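Colleague: Please take a close look at how side chains are hidden or uncovered in this structure, and follow the charged ones in particular.

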Amino acid sequence: MGTEKRQPWVVGVSGASGTPYAASVIRALLAAGEPVDLVVSRAARLTILDETGISFRDAHWRTDLAAWLGDDHGLDDVRHWSAGDFAAGPSSGSYPAKGMLVVPATTGAVAGIALGLSKDLLQRAASVTLKERRPLVVCVREAPLNGVTLKHLVELDAQGAVVLPASPGFYAGGSTVRELVDFVAGRVLDAVGVPHTLYRRWEGELGAAARPADRRE
């Protein structure tokens, strides 16, 4: 009997502020037993360095990713592709990916994907995801949004992508930055049906979020 073929989620990290959202998504995917193909744009490496102090380097990506995520648990299920590698697996529709999550997404990445520019592997992989009719979630992180970007987001929606702003909800009772980050990451995973326990779901009971955590069950 042959082994089951690996079918990863492609996670694209662009240069927008909000790299903790990406880290939370990756951790949750691995916790759910989902393999990950990671594409970190050149601009995102600067943002990771700025927001975490961690340098993300192609030659040392495993060590750097472990530092970014906080541990190396499950990294055997991660494959890293350089953003400039147009021969990478996710650049082809024949590569067996489940779909793609762009988190966080810059307005530049939004424009490039909507227009099919494919200026780097992140944009190319997203274009492939759309043409193959696979799930694509674009977690845009920018405010305010101008008319051009809004048009690009409408175009992505028309092409079948899920446009998911990095907008945390407070009904889940989150009171720390990590909890609010996890809420957004959880909504990204909800959009593609990946199970997780990143936030407390709404169950129709007003005031539940204000109760102590040990009384919410």
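Modeller: Happy to. A residue is called buried under 20% relative accessible area, exposed over 50%, and partly exposed in between (1.4 Å probe, protein chains only). Trp202, at 46% relative accessibility, therefore counts as partly exposed. Trp202 sits in the segment that follows helix H7 (177-190); helices (H or I, at least four residues) and strands (E, at least two) are DSSP runs, numbered from the N terminus.

This is a predicted model, where local features need pLDDT of at least 70, side-chain atom pairs need 80 or more, and totals for chains, interfaces and linings use all residues. Residues are numbered from 1 along each chain as its sequence is written, and side-chain values use heavy atoms, without hydrogens or water.

Let me set the scene with the sheet. It is an open sheet of 6 strands, in the order E3-E2-E1-E4-E5-E6, and the pairing is parallel (two strands pair if DSSP finds at least two bridges between them). The edges belong to strand E3 (78-82) and strand E6 (162-163); each has a single partner strand, so one side of each is left without a neighbour in the sheet. Between strand E4 (residues 99-105) and strand E5 (residues 136-140), the parallel pairing runs over 4 bridges. Across that pair, Met100 stands opposite Leu136 in E5.

Now to the hidden side chains. Helix H4 (residues 107-115) has Ala109, Val110, Ala111, Gly112, Ile113 and Ala114 as its buried residues. Their cover includes E4, E5, H5 and helix H6 (147-158), so you can look for them beneath those elements. Just after H4 comes Gly116, which takes a positive phi of about 70°.

Gly116 comes up again from the side of helix H5 (residues 121-131), the home of Ser127. Ser127 touches Gly116 as well as Ile113 and Ser118, leaving aside residues up to four places away in sequence (a contact means heavy atoms within 4.5 Å). With a relative accessible area of 15%, Ser127 is buried. Its partner Ile113 is itself one of the buried residues of H4.

What about the charged ones? Side chains of opposite charge can pair when their charged atoms come close. Here the count is 9 salt bridges, each a side-chain nitrogen of Lys or Arg within 4 Å of a carboxyl oxygen of Asp or Glu. One of them joins Lys131 to Glu132, at 2.7 Å from N to O. Lys131 has a relative accessible area of 44% and is partly exposed; Glu132, at 31%, is partly exposed too.

Helix H7 has two more to visit. In one, Arg178 pairs with Asp182, and the closest N and O atoms are 3.4 Å apart. Arg178 and Asp182 are 4 residues apart in H7, about one turn of the helix. Asp182 is buried, with a relative accessible area of 10%.

In the other, the side chains of Arg187 and Asp190 meet at 3.1 Å, N to O. These two lie 3 residues apart in H7, again about one turn of the helix. Asp190 is partly exposed at 23% relative accessibility, and Arg187 is partly exposed at 37%. The story does not stop with that pair: salt bridges that share partners link Arg187, Asp190 and Arg201 into one network. If you have the structure open, follow that network from H7 to Arg201, and then look at Trp202, the partly exposed residue we started from.
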